[in-house]
Every structure is written in C-alpha cells, then in structure tokens.
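User: Please take one part of this model and look at it closely, working outwards from there. I would like the cut-off behind each term to be spelled out once.

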Amino acid sequence: MWAEEIVAGRPAFRHIPSGVVFREVPGGTFRMGLSEAELAAVRAIERSGGAEDSLEPFFAGAGDAQPVREVRVEPFLVARHPLTVAQVQHWLPEYEDDYADADSGTARLEDDLDDLLEALPFRLPSEAEWEYATRAGTTTLTFRGDGKPGEDQLLDDFGDEQRTAAAENAFGLAAMGSANEICADVWIPGFVGAPADARPRTGDGPRAVRGGAADAYPWQGCDEWLLLLAATRYEHAQFTAVRPVAPLPPRN
C-alpha cells in the first residue's frame, strides 16, 4: 500500500492506490495555543502599520486558542498538502469542485465531505497534530517567523512542483494555513481541560477548522493574513479542505 520515495529531497511515503504523498512527522512535545509572545508579535505588526483594520476582534477572540499548554504528540504520517480535486476523485469519481481552477488545486468539500470521510482509508488530524505539524518545531506566528505573513505564503494549487517544494516547512509540509482544513476535534472555544496528548476532543456539534487564508483571496483589507497563523482556529461552516493523516507503516 505504501512506497517509500524521496520527494523534493526529503523522505516521503506515497499511498500507492491514490498517489497521495505523506510525510512522517516525528514525535515530540510542543506548546500548543496562542502565546503571549505571539500576541505581542501581532501587536507589533499593528503598531508598525501592518494591519489594515482594527485587530480588536482578533485579540478579543484570543481566548479561543488559550491557555497555552504542553502537548505530547506521537509520530504519524500526514499528507504533504491538502487533497487536490484529482485526489478526491480517486475515492469519489463523480466529485466536482466549484472552487478549484484545476484538478491540481485544493479540493474544498461541502455536500461531499461526509462521503469522502467515509471512503478515505485515513483519518482527520487532531487539532494538536495539525498545529504541531504546522509549527514544525517553531514557536513563532508562522514557521517563517513573527513577521506579517503575506500573499506570497499562499499556495492553493500543487501542479508546480518547484513552487510546492519551496513552500514546505521543516517537516516537508506545504500550504499549512492556506486552505481551511477540518480537524477531528469538535469545536470547543479555548483549551481549558484539553488533554495533554494529541487525542482529539470529541462530542456533538461542528468540528474545529485551521487555516483558510487562501479562501479569502484576493484579500480585501480585512486582515485575512491572521488565518495563516499556526494557532488560529475557528468553527467549521460551509466548505472545507481535507489533509488526512495515517499511522506509520510497518518498517521492513
């Protein structure tokens, strides 16, 4: 089912039936959530004139990604980028996408979401796994640092391998934060009582979503760049992208 390859100079696992490329994310611990240092970095961007609109709604909602806590994550595989239209069509041959311009673009699912999740031989990442993979060992606003992320960080089509490779973080993952990616966790504001490991929080109601800056492109001056931040989270509504995860395959 799996083939080990080198993709863009890094080890990868390709799911043979679908062609989806996965990266191995090493286990470890990290500080999950929106830290005071990150809030200060956003304030610095605002003071320097980098915010087009008031960021008070962002600061008022900061508690949705707090308190910061240490979380332990076991190794896992995660797709190199969100599933594309062509990849979704492997499991849902009749799938059509109203948002992508090409089959190599990120698939955004609405009515077909449950059908895809039922057909996938993989699972959704927990929020802890998603944020850990996004940070890739960093503690800054994005894996590129505490500067204001720009439109050059958006990646929504993976037909250009050179551009995809250039967008990867230290774990070899591209486009983290570009599309809104659904997680396994139910949406619960804040992390009070959240587990110290990477298990998803379960229950009834909509799921949590991470990312989404490309969904608002072209940006209209409403500070959509905040959706690129590693800690930004919100409640799922309407369409979503899917970046599946899987357990590590047996070693020969």
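**The second largest cavity and its surroundings**

Analyst: The second largest cavity is lined by Met-32, Arg-69, Ser-126, Glu-127, Ala-128, Asp-185, Phe-191, Ala-194, Pro-195, Asp-197, Arg-199 and Arg-201. The model is predicted, so local features are given at a pLDDT of at least 70 and side-chain atom pairs at 80 or more, while totals for chains, interfaces and linings use all residues. Residues are numbered from 1 along each chain as its sequence is written, and side-chain values use heavy atoms, without hydrogens or water.

A cavity here is a set of points on a 1 Å grid over the protein atoms alone where a 1.4 Å probe fits but cannot get out, and a lining residue has an atom within 4 Å of a point. The second largest cavity holds about 60 Å³, a volume being the space filled by probe spheres set on points joined across faces, edges and corners. Its lining comprises 6 charged, 5 nonpolar and 1 polar residues, where Asp, Glu, Lys and Arg count as charged, Ala, Val, Leu, Ile, Met, Phe, Trp, Tyr, Cys and Pro as nonpolar, and the others, Gly among them, as polar.

In all, 3 cavities reach 30 Å³ or more. The largest, with about 100 Å³ of space, has among its lining residues Thr-134, Arg-144, Gln-153, Met-176, Leu-228 and Ala-230, and its lining divides into 6 nonpolar, 3 polar and 1 charged.

Turning to the chain itself, strands 7, 8 and 9 form an open antiparallel sheet in the order 7-8-9; strands are DSSP runs of E of at least two residues, helices runs of H or I of at least four, both numbered from the N terminus, and two strands pair if DSSP finds at least two bridges between them. Strand 7 (181-186) and strand 9 (233-235) each have a single partner strand, so one side of each is left without a neighbour in the sheet. Between strand 8 (residues 207-210) and strand 9 there are 3 antiparallel bridges, with Val-209 facing Tyr-234 of strand 9 as its bridge partner.

The loop between strand 8 and strand 9 contains Pro-218, whose peptide bond with Tyr-217 is cis, with omega about 0°. That loop also holds Asp-223, where phi is positive, near 60°, although the residue is not glycine. Asp-223 is buried at 5% relative accessible area, buried meaning under 20%, exposed over 50% and partly exposed in between, with a 1.4 Å probe and protein chains only.

Terms used: 1 Å grid on protein atoms, 1.4 Å probe; cavity = no way out; pocket = protein on both sides within 12 Å on 5 of 7 lines; lining within 4 Å.
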